[in-house]
Amino acid sequence: MSNAPAEATHVEETPVEEIDLGPANHVIDKYLTLPGNLMPVLQGIQDEYGYVPKPTIDLVAERLNVYPSQIFGVLTFYAQFHLKPRGRYIIRVCVGTACHVQGAPRIVETFFDKLGIGHAETTSDLRYTFEKVACLGACGMAPLAMVNDDTFGKMTVQKVAEIIAEYNQRPMK
Amino acid sequence: MVNLTIDGKQVTVPKDATIYDAAKSAGIKIPILCHDKKLHPFGGCRMCLVEVEQMKGRQIPACTTPVTEGMIVSTMTPEIIQARKLVLELLLLKHPIDCPVCDAAGDCDLQNLTYEYQVNSNRFQDEKFQHQIDYQNPLIERDMNRCVHCGKCARICDEIVSFGAYSFINRGLEAKIGTEFDGPLNCEFCGSCVSVCPVGALVSRPFKFKARWWSLNKVKTVCSYCGTGCQLTLGVKDNKVLTTVYDENQGFHNGQLCTRGRFGYQFVNSDKRLKTPLVKKNGKLEEASWDEALGLVRQRLADAKNVGASSVAGLVTPRLTNEELYLFKQLFNKGIGSDNIDHSAGYAHDALTAGADESLGYPASPASISDIQTTNLLLVVKTDAYETHPVLGFEINLGVKRKGVNLRIVSDKKGKLSKLPNAVTYVHKPASEVLLFNALAKVIVDEGLADSSASSLPGYDDFVKNLGACAPTAVAAQCGMSADDITALARDYANAEKALIMLPIGLAYPGHGKALAQATINLALLTGKIGKEGCGVLIMGEKNNSQGAADLKVHPVAGGLDAMGILGGCASGTIKTLYVVGENPVISYPNRKKVEAALDAVEFLVVQDLFMTETASKADVVLPACSFAEKNGTFTSAGKAVQRVRKAIDPIGMARSDFEIFNSLYSTLGGDSFKGLSEVFAEIASVVPSYSGFSFDGLDENGSVYSVANKPRFIPSVVDGQESTTGVMALVTGSALNHCGTLSLYGEGPMYVCPEGYVELNSGDAKKLGVEDDQPLTVKSSVGEVKLKAKVSMRMPEGVVFAPYHFSDMSINGITNGAPVTWVTISK
């Protein structure tokens with residue numbers, strides 16, 4: 001950030017959450033001199049950790065000389081940022097108009113039942129995060145679900161169990 | 001200038017004005033909720049919508065729209081009124097109508113506008129907000145259900161306070177003002193946000209349910225904490241100061257206050273106030289009548305006058321009014337015939353009383369507060385000026401952020417202002433400031449950057465000769481700064497068109513006061529940066545009337561004993577009667593053990609104070625005095641503004657004003673009896689050259705700033721270098737943010753923000769010692785030892801620790817001895 005004080009130095013603080021600040025410091029180093037660097041820094045940190053952990057907010061505040069409250073304001077404004085750990089596999093089910101009339105609510109309910117979580121929640125083993133989304137842009141395949149980048153069209157209640165069974169076998173890292 | 005027409009009125013305004021500014025200057029009121037004259041325009045609330053003929057049919061916000069030539073503006077068309085009503089309806093949709101229990105009622109912009117626009121029904125319906133109210137701190141209550149999203153709190157905290165406690169969080173309907181992680185408020189608690197909140201979303205908790213706003217008697221006076229001289233409006237009811245009332249048009253600071261000014265008034269009506277005189281009988285202080293107590297003092301002083309006036313001495317606090325200080329000096333000099341008087345331990349203000357006086361011919365700053373924002377480069381010495389004078393810190397903030405002032409901080413630690421845009425903090429070794437300033441001067445002389453006027457000033461040759469050994473390379477190690485940094489700083493200062501040096505002084509910054517003031521003045525003289533706008537040296541006195549005490553020369557002027565000499569005399573027996581007014585040397589003067597021994601040894605001790613202080617408890621006679629809220633008079637600010645202090649309440653209990661007490665003693669000791677304050681002020685104006693022309697009743701509403709005539713000379717400043725030994729740390733004392741002297745110990749705000757003493761140390765040093773925040777540490781010097789809680793911070797350099805001096809328990813003067821640095825060992 002252009003108005004950082006001349007003496008901004010590398011900061012190491014004892015974190016509240018036990019996380020390694022190394023990757024966050026690395027991201028900040030990369031963008032330190034870029035004007036308007038807050039967004040790319042926060043995006044970079046989310047890429048590294050999967051979410052934006054609290055200690056990294058304090059670190060960004062100190063190193064970029066931005067108030068923590070303002071960073072929090074940015075993080076809560078944009079839907080793309082997450083303040084809690086997210087699952088390894090993000091399940092997104094479309095509940096847009098086309099999917100809705102093709103039975104999306106039942107697909108959603110089935111995922112809720114099988115995973116034991118609700119909308120925008122994460123399983124305790126951090127394997128799945130479930131989200132209802134408005135439209136995934138493939139109405140011809142309605143009802144539609146996605147797991148990370150994989151797409152599953154013409155969803156049925158049976159297919160929900162199959163998808164979960166398959167992804168239970170996938171690695172966590 | 002731009003000409004436009006508003007509601008048929010011709011208006012001419014500067015071209016950077018907005019429609020709102022233009023209307024205001026023409027006396028046309030445009031309603032606002034989110035606009036504040038101190039903040040950048042925001043344009044969020046849409047209350048100030050107006051119509052401009054050239055922009056047909058559009059309603060535009062007056063607060064963000066700049067004027068253009070020939071604009072024809074209508075502020076009150078039926079459509080505009082309709083639009084404003086709609087805005088109010090929408091706000092009232094969510095805003096709870098709990099005005100009967102809201103402290104803002106009567107002072108609420110939303111309430112007033114709803115009334116003004118007669119919004120007596122609402123076409124819409126919705127649920128109210130269900131936000132939790134933040135009751136986590138005792139000073140500021142946050143009820144976000146009442147919030148109208150004007151954003152003023154977030155903006156003032158960012159733009160002026162530079163703390164940034166708030167931000168808009170979330171999005172859309174869920175958007176609200178919140179803190180980091182939407183947690184409870186945890187900040188400096190200056191209350192700026194409370195002052196600008198247009199509704200009751202942010203209210204002062206100490207004032208909650210105390211009185212309706214309209215039932216308060218509002219008295220304009222001057223804050224009695226630090227030397228900044230902020231104007232203050234006290235909210236008074238039933239002889240109690242219940243709150244401070246925000247007035248955006250007051251003073252140079254536009255009503256801005258710090259924690260102690262806004263939330264520190266409770267000492268006035270404190271239960272701990274002394275209410276009757278006390279006289280020591282059989283070793284115990286017992287209640288007595290004024291006749292008895294004052295009779296004893298009078299007798300004692302009269303006797304002393306006959307035997308030997310030099311056995312009498314007086315210590316007075318610069319918190320008194322000018323009139324009282326003048327009377328105190330008259331009482332001693334003329335009534336008793338003793339020159340043994342002093343204030344603030346003698347050294348605290350010697351930057352003014354000796355430093356500036358010798359260098360310039362008057363004991364005041366060759367600069368004023370308005371120079372902070374008109375300069376190009378600010379060089380702040382000792383601290384960042386924020387922790388000693390917070391409202392001047394706001395001025396620095398504004399200068400740096402709005403006017404592009406370059407900030408250079410030269411201190412033994414970093415401060416909050418070190419984080420301002422483009423600020424550079426040079427952390428040097430403690431107590432090396434004088435050497436550093438000599439080195440800066442050396443660079444300027446050697447590189448030919450000096451002003452042509454310098455060499456013709458008296459003392460120039462000696463001054464330059466004295467710089468001989470001060471080349472940056474020679475002093476770099478001693479200063480703890482690189483020679484390159486020293487050279488760069490010297491060039492920055494010399495090359496700046498205008499540069500202002502700021503030097504906070506006070507009891508907590510002992511040693512080198514005079515030498516440092518002279519070194520800074522030398523630098524200003526050398527570069528010709530004095531006596532011009534935005535230039536000079538602003539020496540900022542610690543107490544509300546430090547400048548007045550210096551102006552009136554409340555110190556020995558004819559060979560009398562200074563404060564340290566007086567205490568020495570008490571211990572040795574040459575001083576037999578000591579009259580202490582408002583000072584608490586046991587806590588605030590260096591070397592507590594020595595001070596206590598001196599006060600125990602003196603034959604007769606009179607203490608005149610608001611409270612039973614540690615010093616008063618040793619007295620033979622205690623006289624209860626009045627606080628600033630109980631008296632009229634004048635204070636002089638660090639910026640040389642002589643300002644009126646106005647009586648808000650009647651004296652507490654049997655307390656009498658210091659003026660009344662001194663006047664009574666003086667008249668019976670053969671002096672004149674003054675009839676009133678105007679008479680004393682007139683005499684001051686005739687004796688103190690800089691006050692000539694001022695009269696008590698003729699003082700300006702915003703304070704009358706006196707001017708000074710420079711009689712400058714160079715005075716070489718030299719101090720002994722100090723070397724540490726291994727294993728020993730340097731302790732520097734200072735002011736904790738939002739405390740001031742020992743008076744703030746009786747104010748709720750300062751005591752919440754900082755309730756007790758601590759020792760602040762670098763995180764590396766803390767790791768070595770194996771300590772964490774709040775763990776107890778033993779700090780030991782050659783004078784004594786104290787136990788203090790650790791405060792681990794990023795701002796201290798390694799090997800240097802900081803401790804504030806205000807606190808009575810484990811007072812830091814138990815280990816200090818009046819040196820600028822105390823060498824200590826620290827253990828768990």
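**Tour of chain B: a domain contact and a parallel sheet**

Start with the contact between two domains: 16 residues of domain 2 of chain B touch 18 residues of domain 3 of chain B, a contact meaning that C-beta atoms, placed from the backbone, lie within 7 Å. This is a predicted model, in which local features need pLDDT of at least 70, side-chain atom pairs count only at pLDDT 80 or more, and totals for chains, interfaces and linings use all residues. Residues are numbered from 1 along each chain as its sequence is written, and chains are lettered from A and ligands numbered from 1 in the order in which they are written.

Select β10 (217-222), β11 (231-237) and β12 (240-244) of chain B; each supplies at least two residues to the side of domain 2 that touches domain 3. Strands here are DSSP runs (E, at least two residues), as helices are (H or I, at least four), numbered from the N terminus. β10(B) gives the most to that side, with four residues.

To colour by domain, use 126-267 for domain 2 and 278-346 + 548-705 for domain 3 of chain B; the bounds come from an automatic or database assignment. Their centres, taken over C-alpha atoms, are 36 Å apart.

Next, select domain 4 of chain B (350-540).

Now show the open, parallel sheet of chain B, ordered β19-β18-β17-β20-β21; strands pair if DSSP finds at least two bridges between them. Its edges are β19 (424-427) and β21 (536-540) of chain B.

Zoom in on β18 (406-411) of chain B, which pairs with β19(B) over four bridges. Ser411(B) stands opposite Val427(B) in β19(B).
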